[in-house]
Amino acid sequence: MYLTYAEYSDISFNPVPEEQFTKQLASASFTLDSVTGYFYHGTDLETDVAQRKQAFKRAVAITIDYYGANGSTSQFATATGGQSITIGRTSMSENSSNTSAVTKSQFGNLPIDVDNILGPTGLLFKGVRTLC
């Protein structure tokens, strides 16, 4: 995994309890792997460039905090939690004035801070990579 509880506690402004952290770490890691193209499956995080390593660990911590604030353990749960329901021709949705003020990422239901932190590192690059 990408982050220890001690590292997380140092980074987070509002750390979740360790038991909750353990559950949410796997989900946050999976989500961030998918938006970074699994970069750290081929690169060792601990020996990577310090700035990129630090940014990625912050993104993991922010994602865990986001899941904790939403009472979920995954991106899917925060995306589908009580926003609307449709049964047949009847549709009900939550009033937009009651929704969270967190702006969402271009990669789904992640906090915008993830984009802001990882964008400058190149980890969110979605272009074509070539080998010469």
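This is a short tour of the salt bridges and the largest pocket in a predicted model.

**Stop 1: Glu-7 and Lys-57**

Begin by selecting Glu-7 and Lys-57, whose side chains meet in a salt bridge with an N to O distance of 2.7 Å. Colour helix H1 (residues 5-11) and helix H3 (residues 50-69) as well: Glu-7 lies in H1 and Lys-57 in H3, so this pair ties together parts that are 50 residues apart in sequence.

Are the two partners buried or exposed? Glu-7 has 28% relative accessibility and counts as partly exposed. Lys-57 has 6% and counts as buried, because the cut-off for buried is under 20%.

**Stop 2: Lys-53 and Glu-46**

Next select Lys-53 and Glu-46. They form a salt bridge in which the closest N and O atoms are 3.2 Å apart. Lys-53 is partly exposed, at 22% relative accessibility. Glu-46 is also partly exposed, with a value of 45%.

Now show Glu-7, Glu-46, Lys-53 and Lys-57 together: salt bridges that share partners join these residues into one network.

**Stop 3: Asp-48 and Arg-52**

Move to Asp-48 and Arg-52, another salt bridge, with the closest N and O atoms 2.6 Å apart. Asp-48 counts as buried, its relative accessibility being 11%.

How many salt bridges does the model have by the rule used here? The count comes to 5. The rule asks for a side-chain nitrogen of Lys or Arg within 4 Å of a carboxyl oxygen of Asp or Glu. The pairs visited above are among them: Glu-7 with Lys-57, Lys-53 with Glu-46, and Asp-48 with Arg-52.

**Stop 4: the largest pocket**

Leave the salt bridges and select Phe-13, Ile-62, Asp-65, Tyr-66 and Asp-113. Of the 15 residues that line the largest pocket, these lie nearest its centre. The volume of this pocket is about 290 Å³.

Which elements give two or more residues to the lining? They are H3 and helix H5 (112-118), so colour both if your viewer allows it. H3 gives the most, with 6 residues. H3 is also the helix that holds Lys-57 from the opening stop.

To finish, colour the pocket lining by residue class. The lining has 9 nonpolar residues, 3 polar ones and 3 charged ones. Phe-13, Ile-62 and Tyr-66 count as nonpolar, while Asp-65 and Asp-113 count as charged.

Conventions
Residues numbered from 1 in each chain as written. Predicted model: local features only at pLDDT ≥ 70, side-chain atom pairs only at ≥ 80, totals over all residues. Heavy atoms only, no water. Helix = DSSP H or I, 4+ residues; strand = E, 2+ residues; numbered from the N terminus. Buried < 20%, exposed > 50% of the residue type's maximum accessible area, 1.4 Å probe, protein only. 1 Å grid on protein atoms, 1.4 Å probe; cavity = no way out; pocket = protein on both sides within 12 Å on 5 of 7 lines; lining within 4 Å. Points joined across faces, edges and corners; volume = space filled by probe spheres on them.
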